[in-house]
Amino acid sequence: MHTALLTINAGSSSLKFALFSLDEVKAGPQRRYRGLVANIGGRGGFSVRDAEGKVVRQTEEVASDHEEALAMTLAWCGEMLAGGVLLAVGHRLVHGGDRYFEPTLVDEALIYALRRYEPLAPLHQPHNLNAMAALIRLHPELPQIACFDTAFHHTQSPFAASFALPRRFAQAGIRRYGFHGLSYEYLAGVMPEVLGKAADRRVVVAHLGNGASLCAMKARKSVATTMGLTPLDGLMMGTRCGALDPGVVLYLQQHLGMSTAQVAELLNEQSGLLGVSGISPDMHTLLQSDAPSAREAIGLFVHRVCRELGSMAAALGGLDTLVFTAGIGEHAVEVREAILEQSAWLGFSLDHEANRHHGPCLTTPQSRASAWVIATDEEQVIARHTWRLTI
């Protein structure tokens, strides 16, 4: 590679990255490698796979913090480029608030401005921003682009985005933002290739992974979504509770004596699949378990998806297509089957054999509404935005 760009998705204890070649200008960014710095601050591990999934680097290198993880990643990029140029770095930013709706060039002023949203996405935002700040220190001359998970939902109506609170709170930015926007943006771009004209009809995309949400789309624009001010709302997730009666929080604090910090940790890190099962936040692990609590957690997850799917259909005035994506959506046969069977009233007629083989179409030709599996690719979206702003 002579020219490349890097995408970064920094988590609390990991750093995911991908290296894209820009040598074929007309074709746009072409992913060549995907890697992970795991267990930052722990025993560590640095791994890279090529575009075909073959492992090309696997070490037990330890990164004590995100800055060291970035340094390791950039050193490896330098080896791969062999004298070529790293043009820019694109980042996933979970929360853009009410000010940032487009990919934006990163500087210290932007990082400072985005710190205000850290309380609204505590599992992601601080680490996203810390990676940007560390890269400024390591390579201040290297352009960085922030791509926002909230931006895709900017098309929603005021009714879809509003809470029933006094107006002064809305004026202070307390509203529904929605998340997983980079995933939904990718799906909106590729759906015509898979669905044809149906892509512009009434579609719900189910991004089901460790974080989970639904997005109702019409003409491939966001109409409604299950997440709100924070990524804590909506569906049950790996460790997050999803939608919750606000009175529960008041009760926990006023009658059980829990502090704000304790409640935040409970709802963000100890609930969801992990909390209900008492076993794991990982759906694959729960599907392999015979424990009654594991089956209960899976059943509750499916129930919440089906209930919110009805809400999304109501926002659209009906439903033509459901698209499953992300880790659970793309791989969990049993979960998809349960969701489609419990949502048969919406017009789904499941093709069991197709579902076992992961589709792409999961429903029979007689089905009034169709269901599909389409893999998401947030890195590709980040790479395209970064390329567009830096060429």
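This is a short dialogue about reading a sheet and a pocket in a predicted model.

Trainee: In what order do the strands of the open sheet lie?

Mentor: An order is read from one side of a sheet to the other, and here the eight strands follow E5-E4-E3-E2-E1-E6-E8-E7, in an open sheet whose pairing is mixed. The edges are formed by strand E5 (55–59) and strand E7 (104–105), each of which pairs on one side only.

Trainee: In which sense do strand E6 and strand E8 pair, and over how many bridges?

Mentor: Strand E6, residues 85–93, runs parallel to strand E8, residues 144–148, and five bridges join the pair. As one example, Leu93 has Phe148 in E8 as its bridge partner.

Trainee: Which strands does helix H3 touch?

Mentor: Helix H3 (residues 125–138) packs on the sheet and touches E1, E6 and E8, with its direction at about 160° to that of E6. Helix H1 (residues 66–81), for its part, lies across E1, E2, E3, E4, E5 and E6, and it runs at about 25° to E2.

Trainee: How is empty space found, and what volume does the second largest pocket have?

Mentor: A probe the size of a water molecule is rolled over the atoms, and this shows where space is left empty. In this model, the second largest pocket has a volume of about 840 Å³.

Trainee: Which residues lie nearest the centre of that pocket?

Mentor: Of the 31 residues that line the second largest pocket, Leu229, Thr230, Leu232, Val249 and Leu267 lie nearest its centre. Helix H7 (246–254) and helix H8 (260–269) are the elements that give two or more residues to this lining, and H8 provides the largest share, five residues. By kind, the lining residues comprise 21 nonpolar, seven polar and three charged.

How values were computed. Residues are numbered from 1 along each chain as its sequence is written. This is a predicted model: local features need pLDDT of at least 70, side-chain atom pairs count only at pLDDT 80 or more; totals for chains, interfaces and linings use all residues. Side-chain values use heavy atoms; hydrogens and water are left out. Two strands pair if DSSP finds at least two bridges between them. Helices (H or I, at least four residues) and strands (E, at least two) are DSSP runs, numbered from the N terminus. Contact means heavy atoms within 4.5 Å. Axes are lines fitted to C-alpha atoms, for helices over the stretch in contact, and angles run from 0 to 180 degrees between N-to-C directions. On a 1 Å grid over the protein atoms alone, a cavity is a set of points where a 1.4 Å probe fits but cannot get out, and a pocket is an open set with protein on both sides within 12 Å along at least five of seven lines; lining residues have an atom within 4 Å of a point. Grid points are joined across faces, edges and corners, and a volume is the space filled by probe spheres set on the points. Ala, Val, Leu, Ile, Met, Phe, Trp, Tyr, Cys and Pro count as nonpolar, Asp, Glu, Lys and Arg as charged, and the others, Gly among them, as polar.
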